[in-house]
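Hello,

Here is the structure I promised to send over. Have a look at it first, and then read my notes underneath.

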There are 2 protein chains.
Amino acid sequence: MPVPLETRTEMQAPEFKDFAKEMVDYISNYLENIRDRRVLPTVQPGYLRPLIPDEAPQQPDKWEDVMADIERVIMPGVTHWHSPKFHAYFPTANSYPAIVADMLSGAIACIGFTWIASPACTELEVVMLDWLGKMLDLPKEFLACSGGQGGGVIQGTASEATLVGLLGAKAKAMKRVKEEHPDWDDNTIVSKLVGYTSIQSHSSVERAGLLGGVKLRSLASDVDLKLRGETLERAIKEDLEAGLIPFYVVATLGTTNTCAFDRLDEIGPIGNKYNVWVHVDAAYAGSAFICPEYRYLMKGIETADSFNFNPHKWMLVNFDCSAMWLKEPYWIVNAFNVDPLYLKHDMQGSAPDYRHWQIPLGRRFRALKLWFVLRLYGIDNLQAHIRRHCGFAKQFEALCRADERFEIFGEVQMGLACFKLKGSNELNEQLLRRINGRGNIHLVPSKVNDVYFLRMAVCSRFTESSDIDFSWKEVAASADEVLAEQKK
Amino acid sequence: MPVPLETRTEMQAPEFKDFAKEMVDYISNYLENIRDRRVLPTVQPGYLRPLIPDEAPQQPDKWEDVMADIERVIMPGVTHWHSPKFHAYFPTANSYPAIVADMLSGAIACIGFTWIASPACTELEVVMLDWLGKMLDLPKEFLACSGGQGGGVIQGTASEATLVGLLGAKAKAMKRVKEEHPDWDDNTIVSKLVGYTSIQSHSSVERAGLLGGVKLRSLASDVDLKLRGETLERAIKEDLEAGLIPFYVVATLGTTNTCAFDRLDEIGPIGNKYNVWVHVDAAYAGSAFICPEYRYLMKGIETADSFNFNPHKWMLVNFDCSAMWLKEPYWIVNAFNVDPLYLKHDMQGSAPDYRHWQIPLGRRFRALKLWFVLRLYGIDNLQAHIRRHCGFAKQFEALCRADERFEIFGEVQMGLACFKLKGSNELNEQLLRRINGRGNIHLVPSKVNDVYFLRMAVCSRFTESSDIDFSWKEVAASADEVLAEQKK
């Protein structure tokens, strides 16, 4: 016998409203005062398990108790990515409009795998990718509003976009080679496929090759850590001579190590010449192309087959929102088109069924947060956000250059400054350990050509000029300690 | 010169609080009155573009205008998945505790790719998968708290879990075969690999084979649409004789077509006998195993290598939250372990770095919504939710059986009743078109052995007995119309 609604003990609407509004206040308080928390937690692995019961409760807990446990259980183990003292990795986005949009997305909670499954979910995504593409001044071949084949889609992560690009490229190459060699079977062709990327590209590119089961060659970058066209062409020629089939190249605009920009203007034409799919991974730096003054770094974009960047990194749209545009999405759509009856609908073909554009079947209503952020910031404020971060990196660079113990590693690009103490890798490893050990700021290192260096990424939307001064003082004070110990 | 914080025009904390609290009220109002909306929208493809500007605004819009546009732009194109009148596909979850948890997740907005990137994010996930595993009475080899190798992880979707299982199985098989045949290269081995699934399994299983670049055979199911052990063994023997290498089998507990349960108690032992990785896809029905009376359907679970179900389908945790357990996660971890310096940390090895367990690199703090839902419902209420839905399907079955024009297709399992008008496929296609055309309820069809039938899935947490009566009356009235027209 079902229990009548009014006697149920799970959370009902009135409690939800109290709880959610309390959470709104908590969130605002957390973010506005995030600077006061220790950016890196001091907990040890396994800290959390003893703090909560071994099993789920039989009867509901009170929401007030859950609320109280956030500070007791969760916060001691949180690395505060949105603190101005967080300079690790690259930024991940967080903004008030995106948080509110995600609330609505959670309430509608549709699964937008086909158009009919929630037309608004698909259609807003199509138009938002056009808005965004125009903001970046992408060639019209990428935009749905141009009326051609092209269009955009929200992927979960850049890793998935790289993999989707690879799988599209693979499908396209397979078809071409099969026409040329009808006697070759699939395995023979796959064993001959070879893709290219730079040794500086993100680890997820190598991983896409592993997942896709194809060879990916890591090519050398030049002295400025950029992949050049002549390097790519030499590799392609070698491989063609060896009987292989070049099919995919990933050009990175803004590498994770140093924010270097591959020479897309050279790579793209070579890719086009040899029938190699050109994918552009601008995961972090792509957001900067909303500012005209940075677009020279995407020169050659018209030669690309697919382009990807993460608004969820540097454009204030909460994770996950990885924007990808394709000139010929049908290579992806047709590669994995499994079409059971329960997913068919009468309108097929007149709007994209995004499930064919991605690895998973299910998808949230993610276009809402793009819409809310673009409207509630406006282009001017988004550009100002990018320019502020770039300015802060320059501010850090100036402070670093003024201290003769330090040197800048490579060129400061976007919101990233790479630097090191003049001296050995060991010395710089000590420096990093000291900085993170003091716990006032958080950095991660990288290594290029066997040189170990520190990465200072500007990450928070709350960062102000005084925060950069603070971070620099932390670095300098840590250096004082490390160098003093060395002299002992 | 950066603009001082106080003169910035983007949304600040006070406005966020107003906006977010207004959204809380909107959400509560939307969900509590969702029954009054037309479940399936009447818009045509392309409806949305003319309703909004062609480009993002230069200056911020007012949040009140964004709020007003939800009803004007979005809602006309929303398919209301949480309406009691929605009976399509399978349910997707939505609950008040999950929505509030996601707000917190959006505010913390960490990327939990490694332990150090936010220890709480990883550790709560480890413990929540233990809580959940205990609720299902999974064998202890799957639980991290048992101190063995096993453990759980939150994937985005069941599609990804199937692919991750396949890739782990592939890595394990490759290693074994390489040891036996050191002269075979990778391509030779991959070309010999063969996996198995039932012809009734979800389209994403076939897709995982395409993505992973391996053969997957669709085996026939028995008259009850279940995959049997003898069918699997026959296929394995055939393939071994043909020189192939069986490596992976997917058993489905609760198929999408009819909610049939493969005989895991037969398939599992065969898989174990032939060194074939056994993956269990219980995407929808797995939630029911929190009720002891349904666990007989997962008999044989101790033979599985990996097990997956979606709390985001039937256990009130908003998408995305697909729970996966592995007995030997290291096959996945080692398969794609790319380990750049910027992701290394001192604590490596003492807690899982979940980035190695999944396809993407980035991941949200999804364990929070599992924690909130388990605590704020409690096991009793979650069990009651499952039992209510199962009861509603039986209620529909009884109504259907009492009308001699209709027949039930197969067996009513869980919250799904498959049914049809006695008569041709064409007649039932007309019936479905009529039902969806009236727009009062929404169903999708399926087809098995060339028989077309309708699927009535109980989807909403708001569903009451009177809603089932309403839905049945819609079906019956639609049948009246279709049959009357036929007689003309």
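Below is what I found, starting with the interface and then moving to a strand and a single residue.

Please keep in mind that this is a predicted model.

**The interface between the chains**

How many residues does each chain bring to the contact? Chain A contributes 150 residues, and chain B contributes 150 residues. Putting chain B and chain A together buries about 13200 Å², and 66% of that area comes from carbon and sulfur atoms. On the chain B side, B:Arg207, B:Tyr342 and B:Arg375 account for 7% of the area buried against chain A, more than any other three residues.

There is plenty of polar detail to look through as well. The interface of chain B and chain A holds ten salt bridges. A salt bridge you can look up joins the side chains of A:Arg375 and B:Asp61, with an N to O distance of 2.7 Å. In addition, 56 residue pairs are in polar contact across the interface of these two chains, counting pairs with both residues at pLDDT 80 or more.

Which element of chain B gives the most to the side that touches chain A? That is helix α1 of chain B (residues 13-32), with 15 residues. Sorted by class, the side of chain B that touches chain A is made up of 87 nonpolar, 33 polar and 30 charged residues.

**Strand β1 of chain B**

Next, a strand to look at. Strand β1 of chain B covers residues 151-155, and five of its five residues are buried, so this strand is largely enclosed by the rest of the structure. Both of its faces are covered: B:Gly151, B:Val153 and B:Gln155 are buried on one side, and B:Gly152 and B:Ile154 are buried on the other. The partner of β1(B) in an antiparallel pairing over five bridges is strand β7 of chain B (residues 322-326). Within that pair, B:Val153 sits opposite B:Met324 of β7(B).

**A:Leu132**

Finally, a residue in chain A. A:Leu132 belongs to helix α4 of chain A, which runs over residues 119-135. Is A:Leu132 buried or exposed? A:Leu132 has a relative accessible area of 0%, so this residue is buried. Setting aside neighbours within four places in sequence, A:Leu132 is in contact with A:Phe309, A:Pro311, A:Met315, A:Ala323, A:Trp325, A:Leu370 and A:Leu374. The C-alpha atoms of A:Leu132 and A:Ile379 are 10.0 Å apart, while 247 residues separate the two in sequence.

Happy to talk it through whenever suits you.

Best wishes

Terms used. Residues numbered from 1 in each chain as written. Chains lettered and ligands numbered in written order. Predicted model: local features only at pLDDT ≥ 70, side-chain atom pairs only at ≥ 80, totals over all residues. Heavy atoms only, no water. Contact = heavy atoms within 4.5 Å. Buried area = accessible area lost by both parts, 1.4 Å probe. Salt bridge = Lys/Arg side-chain N within 4 Å of Asp/Glu carboxyl O. Polar contact = N/O pair within 3.5 Å; in protein donor to acceptor, adjacent residues only side chain to side chain. Helix = DSSP H or I, 4+ residues; strand = E, 2+ residues; numbered from the N terminus. Nonpolar A, V, L, I, M, F, W, Y, C, P; charged D, E, K, R; others polar. Buried < 20%, exposed > 50% of the residue type's maximum accessible area, 1.4 Å probe, protein only. Pairing = 2+ DSSP bridges.
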